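Student: I would like a close look at a single part of this model. Please take chain A and the sides of its neighbours that touch it.

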Amino acid sequence: MWRYIAQRILVSIPVIIMVGMITFTLVYIGPGDPAAIIAGDEATPEILEQIRADLGFDRPFPVQMGDWFWKLLHGDLGTSYFSRREITELITPRLQPTLSLGFQVVVLSTIIGITTGMLAAWKAGSRLDRNLMVLAVLGFATPGFWLAFLTIWIFAVNLGWFPVIGYSPIQDGLFAHIHSLFLPVMVNSILASAFISRITRSAMLEVLREDYIRTARAKGASELSVFLRHAFRPSAIPVATVIGASIAGLATGFVLTETIFAIPGLGRMLVDAIVRRDYPIIQALLMVVAIVLIGVNLIVDILYAYIDPRIRY
Amino acid sequence: MTEPLLKVENLQTQFRTEGGLVKAVDDVSFEVQPGETFALVGESGCGKSVTALSIMGLIPNPPGEIVSGKIEFNGVDLLKLSGREMREIRGSKIGMIFQEPMSSLNPVLTIQSQLTEALRIHTDLSKNATNDRAVELVDMVGIADAKTRMKQYPHQLSGGQRQRIMIAMAMSCTPQLLIADEATTALDVTIQAQILDLMKDVTEQSGTALLIITHNLGIVARYANRVAVMYAGQLREVGEAVEMYTEPRHPYTIGLLRSVPRLDSEKGTPLAPIAGEIPDLTNLPSGCAFSPRCGWAVDKCFEESPLLEETSSGKKVACFEHQSVALNVQ
Amino acid sequence: MWRVRYPWLMLLLVSAAALAIVACGETETVIQTVIVTEKGDTITVVATPTATLEDRAMAAVNAKKGGHLRVSSVGSVQSFDPLWTTASSTANVASLILEGLFAYKEDNTLGNMLAESWDVSSDGLKWTFKIRSGVEFHDGTPLTTDEVIGTLRRQSERAPVFKLVWESFGPASFDDFIKKESDVTFSVNLTSQTGLVLDALGPQNFTPLIVTESWYSLPATESAPGTPIGTGPYRFESWTPGDRWTAIPYENYSSSSDATDGEAGAHTAFFDRVSYIEIPDQATRVAALQTDAVDVVQEFSQDLLPRLKEDPNVQLIANPPNRLLGHFNYQIPPFNDPTWGRQLRQAVVMAYDNEKALLAAAGTPDRINLCGSLMKCGTAWESSAGMEGRYYAQRVEDARKIVKDAGYEGYTIRVMDPADRQPAHGAAQVTREVLEDIGFKVDLRVMDWATMVQDRATPDRWEFFHTWSGDSVRTGPIGHMRFGEIQFDAWFNHYSDTDGTQRRIFEELASETDQTKIKALMDEMQAYFYEDAIFLQVGEFYDNWAANKNINGLHGNPGGQKPYDKFFE
Amino acid sequence: MAVISDSSNEWELAPPFSTRLKGMFGSTYRAAKRDLVLAAAISVLLVGLFLAVFAPTLARTDYERTDPVNRMLAPNSHNWFGTDNWGRDVFDRTIVGTRMSFLVGFSVTLISTVLGVGIALVISYFRILDAVMMRFVDGFLAFPTILLALALISLIGPSVGNVIIALSVTATAGKIRLVRGAVLSLRESTYVEAAKAVGVPIPRILLLHILPNIVGIIIVQATFTLASAILAEASLSFLGAGVPEYVPSWGNIIATGQGYIQVGFHISFFPGLFLTTTVLAVVLIGDSVRDHLDPRLRGRLKTTAAQQ
């Protein structure tokens, strides 16, 4: 087991390095002279030269990249062009909204997705199954930002049940916090759970065709036990994979929903940085997101081992 | 003869598929006596597994459905039982072993939890008692180091070991009937015999009747008391196992026998595979389903389907020409 | 930067610099400049306060303290250092946390803030200022002249009026110019007389707002890190970048003993907490006000006015008219073309659909005013000189011919389009159409306001952009004109007065006292403005702010609402 | 032993590509005749294609020009979907917006499929190239598509071409991983071994024996790419990283309406409806193509039927 985990971690390292190289190169070859951006309104050629030398922009590409990696290893994500502040300092207060949103969405969408997927598989071919799957396909096809628009229009503008914007931090009370995030959590959960539901259903149906399910039935196991005890865990691997993948999807979803709902999270930070061409922030956030997703994949890999003893040994 | 343990009467099981209606089991009747070993023989796709699943009540519906007939077990018609009542019989009164030992055990559950499941469902034994019983069972099926096996997973066992576990599982509640559906087909030849011997042993010890489902006539000869030969969903010949070898009465049985290499045949005797292929069950030939492949077929065979009739020797045959076949074979 | 040759020209430059602030205003800067010129002509356009001073004083006495004021700020906070940037989001800091030596009173003259009194020597060359004692910074440091002088030193290169006074009337060395006399007094030492000393120390672009050593020891071009520490009624509490920042009353605030008058005098921090909340989307801003998520909203889609008027909990504050402008880049082609530049600029002006642009910027016809005069419309200075055939002429065909003859057909004009600021965003849409109609190609570069402010300082990133300026209170004909941005390469468009006409008119204006002649000169100036097509004058539009009805003390003021002295009723 | 006539078709060489392709379209067509939903989905896509090509000529207004006098009109007999904040007809903008979605969607699908399949086929036979390329692929796939596309566009500037390039990058990486996996597993299969044994050259094996067998996967994946590219384009435009605001694109129009949600619900609603319907149609077609084409699935259905 530990060997397996160690092996998975080792496998992720080259991916992280690759991700770093891609991120750095993108920004390096991108337009815009960072020195000019930093110098601002009153840049003379001498000042520009000075800034370039100070920040090491005059060194060769590999050296700069090495330096960037070295700083990254020490938790130094660089300095924002726009606000001239340490990016780590800018990111820290943005973590709570995004993490809280992410946590709620993952939990909720997993519960909704697995429950409906199992219900559909349980009643495969029934009207319930068909209706659930129509909803799932709809959820898959609906753009999140439009769904967000519709929910705001219905629940915030017209019914006034939820705030249109705003984020109430956890410190200000858990209820207010959940209330302020309710719509974005719902929108993202509906979309993510559609995907999870579809996969759960097909994975369950696949497993239900397996011989060992027949064996379980031959032992006199009840349908419920067959379903929960025998079929669920083996089908959990594709489900875990898709939950992992839906977290990657959430990264995208949050960029959109945080913008729409004005939640001061990492997603909106990225959009702001892109509008302002604040490349160090773009670079840092891409890197952070990629590392988080690689971490998620690692967790999913470890879950595989937990779910399936064949992988464990 | 005593009251039969299992009495299948005019069983008809059908499947609705995209290609049309498949009569997988068509009017099949046979009896299994307590403690006896009964074999159901036929090529793949002839309906023998469906017969077994029909007895177990495990026909997936849809697309499958038992259209008519009776399956009496201890005098009770299983087809009339509720799902709950049927579950009480499955695993406790009737055990079943399947063809694929590789895939018939749940890969994510420990041997112990799978072995004890039937006991937990059907008995009131304590957890410790079921665990002890599981160890006993594993010992019984001849796997060494039973205690450590309990915590292992199926993929850590060999194919033969897994099939032993399957037997242990099926026998855990000491059923009255054990159905072995091609239980040895997927195993190495050397292991096949061990597994069959084991099945025979454990069933004999507990007085359990054994219903062997196989395409392998060699197995039948050695282990079965009585045999039923099945072709295209119908029984073609039913009788004592020994007679089946010495006095086959159906051309299909003969064909099957001839296609099997035998140690007692003279060297150089060529095998004679049955010509042609198994017919499409959705589109059976008119008349006797075997007629297109049959060397004895007469005109009538292409028009009418023969029924299973009792012959003078007490066995049953479904062939218009069984008498001439009998003469020929002698 | 500019060179100063004639003393009287300095006045013009001062006003120009001051106007640069206001013109690029767009509320980017909150500073209002009042220049009392030698001629003393004053035309004051004062936003009418909703209540008289006495009323407000009475109300303040009865005011309940407390509550959390939430202001929806426009734009994202880039820096908390108003000594480094003029962004309006940063200027909010100044209004709460930092204080300068002087501030504007209701009558647009300077009143004391941190300065308590001053003396002028008989020769008029040594000005001695006494600062208020007992004032402390939010970190407990007592205010001394060290902080004042340090701050002035940091701002000496950037604060335009200060710089001008120092360069033209002061000694070469800063240490000779500003001298510490004691912990509470310092002196300004001149080499020749000027009446601009108070203005040099007072509100301007990059106002010297007094900060502690950690900030004033930084170079002027470097944004101060960390959070602001000042002497104001509120102190900084917390900041969530991209979301909000919050201030709370400073318990040891030492208020001026002068009566509250405009932004000067005594201040009271009535609110328990003041937050500036960033809401990038304007629909959301208004929804936030209506659902009581914020209390004050600036800059929102005026389409929502009817909805807000119906809302009994909302008060609307009408602002004085804004003037919508468009700027050419004089540093790169095509508008700097030595032979065709002027005609190409004229082409844009003559083809322009001003009404459409104003509508796109402001919404409905009742909120626009097709005003082509450089002087404020509706005042005595309003003029139509030079407008004939140029302002709102829509001569697309003529313009197209010019572009074609100049050989710039199909040339790509990069128009900066700040999508988060409706007036400039709307105008940019119409500009694209006009420029395309007359034969250019257009690259509409969508960005946010903060980026545009950054980019317009880099000449090779754009050819055209729109701004608008809130008309704030100014005095004098020069102060009244919007010539800040065209003065001598001083502003972002780097306009250069190629044939010297500008300069000549300015010189004459500076020495003229006859009102009729001034008017004539103004007309000449405007005629020349249209002749040279210095920038695109689109017209005037009106907008509103909206606020929670129970906030007392808000009034129309494009410079921004100061949260002190206001309170929840 | 008795004869088991369970013929394994592993030894059969794959049928010619054209036959398989014909079979696919044939079966899809037959399925569409039976399946109302599929028929509807195909019709939606065809209508979309028609609009993408002809909408600019069908439009009755100058949909890129502002007309502030007629701003924010509610849907009426002339402006069926109302007008937006600058008085542009939302119906015209919406139908013309189809063009952007389809252009980006189909371009990305085509580019990523051709490149992805090509690269995957080539690298599957060059071990070192494969190792290097796959690290790149892993790297690119570690980023969420839209985030990487956003970053790319912020670097290379917003335009249709750049949107297509940005979205093709990750789509291609995904295709390479998928196709390479399929090629590697097929390479081990008996019929490819057999072909190799009789000396068929590698490019020929790739094109004649391997490619036809992964066509099913590729087509199913392509429908998925199409759906996600259309969604991604809309998301990018919505965030302002797509085509300029005046050029109609569903994402653009929705973004415009977002700012007027209290008074201009119609602006965002209709293009969103178009977008959802289109993506839904593509997803449904993809599902049904998969059900009808996926040999694995089809095989399974057959074997289960046979077992029973």
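Tutor: Start with the contact between chain D and chain A. This is a predicted model, and the contact takes 36 residues from chain D and 38 residues from chain A. Five helices of chain D each supply at least two residues of the side that touches chain A. In sequence order they are α4 (127-141), α5 (145-156), α8 (202-238), α9 (250-258) and α10 (265-293). The largest share comes from α10(D), with nine residues. Now sort the side of chain D that touches chain A by residue class. It divides into 24 nonpolar, ten polar and two charged residues.

Turn to chain C. Its contact with chain A takes 24 residues from chain C and 26 residues from chain A. On the side of chain C that touches chain A, the elements giving two or more residues are α9 (282-290) and α15 (449-455) of chain C. Here the largest share is three residues, and α9(C) provides it. The classes on this side of chain C are ten nonpolar, eleven polar and three charged residues.

Set the two sides next to each other. For chain D, nonpolar residues number 24 and polar residues ten. For chain C, nonpolar residues number ten and polar residues eleven. Charged residues number two on the side of chain D and three on the side of chain C.

Next, chain A itself. It has 13 helices and zero strands. From the N terminus on, every element in its run is α. Along the principal axes, the C-alpha atoms of chain A fill a box of roughly 85 × 55 × 35 Å. Chain A has 313 residues, and 47% of them count as buried. Take the contacts in chain A with a separation of 6 or more: residues 24 or more positions apart account for 72% of them.

Chain C has another make-up. It contains 18 helices and 21 strands. Of its 569 residues, 59% are buried. Among its contacts between residues at least 6 apart in sequence, 74% join residues at least 24 apart.

Pull the picture together. Chain A, with its 13 helices and zero strands, meets chain D through 38 of its own residues. It meets chain C through 26 of its own residues. On the side of chain D, α10(D) gives the largest share; on the side of chain C, α9(C) does.

Key: Residues are numbered from 1 along each chain as its sequence is written. Chains are lettered from A and ligands numbered from 1 in the order in which they are written. This is a predicted model: local features need pLDDT of at least 70, side-chain atom pairs count only at pLDDT 80 or more; totals for chains, interfaces and linings use all residues. Two residues are in contact if their C-beta atoms, placed from the backbone, lie within 7 Å. Helices (H or I, at least four residues) and strands (E, at least two) are DSSP runs, numbered from the N terminus. Ala, Val, Leu, Ile, Met, Phe, Trp, Tyr, Cys and Pro count as nonpolar, Asp, Glu, Lys and Arg as charged, and the others, Gly among them, as polar. A residue is buried if 20 or more other C-beta atoms lie within 10 Å of its own, exposed if 12 or fewer, and partly exposed in between; C-beta atoms are placed from the backbone.
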